[in-house]
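The following questions and answers concern pockets, helix packing and backbone geometry. Please consult the sequence and the coordinates alongside them.

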Amino acid sequence: QVKRSPINVSEAEGFGVPHRHDGRVVLANFNHLQKLGPETFGLWMRVLTSCPQCVLWLLRFPPQAEVHLRRELEAHGVPQDALVFTNKFANDEHIRVKGAASVLLDTLEYNAHVSGLDALWAGLPLVTRAG
C-alpha cells in the first residue's frame, strides 16, 4: 500500500532529504542524470548563485555523476551544501518522499516523463519549457 500522507520535516531528515518547510526552497529533479545537459545545469547554477536559500536535490543515478557535478558546482562558485544527492527510494515511499521538495525542475534537453508524473502525484508544481 502506498502512503499518501504528506512527509514532514522530521521524516525527511530520516530519509536524508531536504524539506521545503525547513527554511529552504528545495528545487528538485529526479531524472536519470544522463538527461541533464550543460545548458540546464548552467541555468540551475545561476539560480543557486542568486538565491542562497535554494538547494538542488538530485538522485544519485548514476552515482558516478556526483563527482563531476560537484566539480561543476565549485566552478560556478556555488557552495557544496547547495547540492543534495540521494539514492532512489523504495517504490512504496518514493512519491511521498518527493513531496518534500518545493518544485520539480524539468531538464531542457530531455523532458521528465514518469519523473514528472510522480512529482505531480506528490503535489509538486513542475517547471518545464514547451518545445
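**Pockets, packing and backbone**

Q: What is the volume of the largest pocket?
A: A pocket is an open set of points on a 1 Å grid over the protein atoms alone, with room for a 1.4 Å probe and protein on both sides within 12 Å along at least five of seven lines. Grid points are joined across faces, edges and corners, and a volume is the space filled by probe spheres set on the points. For the largest pocket this volume is about 240 Å³.

The model is predicted: local features need pLDDT of at least 70 and side-chain atom pairs pLDDT 80 or more, whereas totals for chains, interfaces and linings use all residues. Residues are numbered from 1 along each chain as its sequence is written, and side-chain values use heavy atoms, without hydrogens and water.

Q: Which element gives the most to the lining of the largest pocket?
A: Lining residues have an atom within 4 Å of a point; there are 15 here, with F30, L59, K88, K98 and S115 nearest the centre. Helices (H or I, at least four residues) and strands (E, at least two) are DSSP runs, numbered from the N terminus. Two or more lining residues come from each of α4 (94–98) and α5. The greatest contribution, three residues, is that of α5.

Q: Which element supplies the largest share of the lining of the second largest pocket?
A: This pocket holds about 170 Å³ of space, and its lining includes L33, F41, H68 and E72. The elements that give two or more residues to that lining are α2 (38–50) and α3. The largest share, four residues, belongs to α3.

Q: Why are α2 and α3 described as they are in relative orientation?
A: Their axes, lines fitted to C-alpha atoms over the stretch in contact, lie 10 Å apart at an angle of about 50 degrees, on a scale from 0 to 180 degrees between N-to-C directions. Angles under 35 degrees count as roughly parallel, over 145 as roughly antiparallel, 65 to 115 as roughly perpendicular and the rest as oblique. Therefore α2 and α3 are oblique to each other.

Q: Which residues of α3 meet α2?
A: Contact means heavy atoms within 4.5 Å. On the α2 side, F41, M45 and L48 take part. Their partners in α3 are L69, E72 and L73.

Q: Where is the proline of the cis peptide bond found?
A: A cis peptide bond, with omega about 15 degrees, joins F61 and P62. P62 is found in the loop between β2 (54–59) and α3 (65–75).
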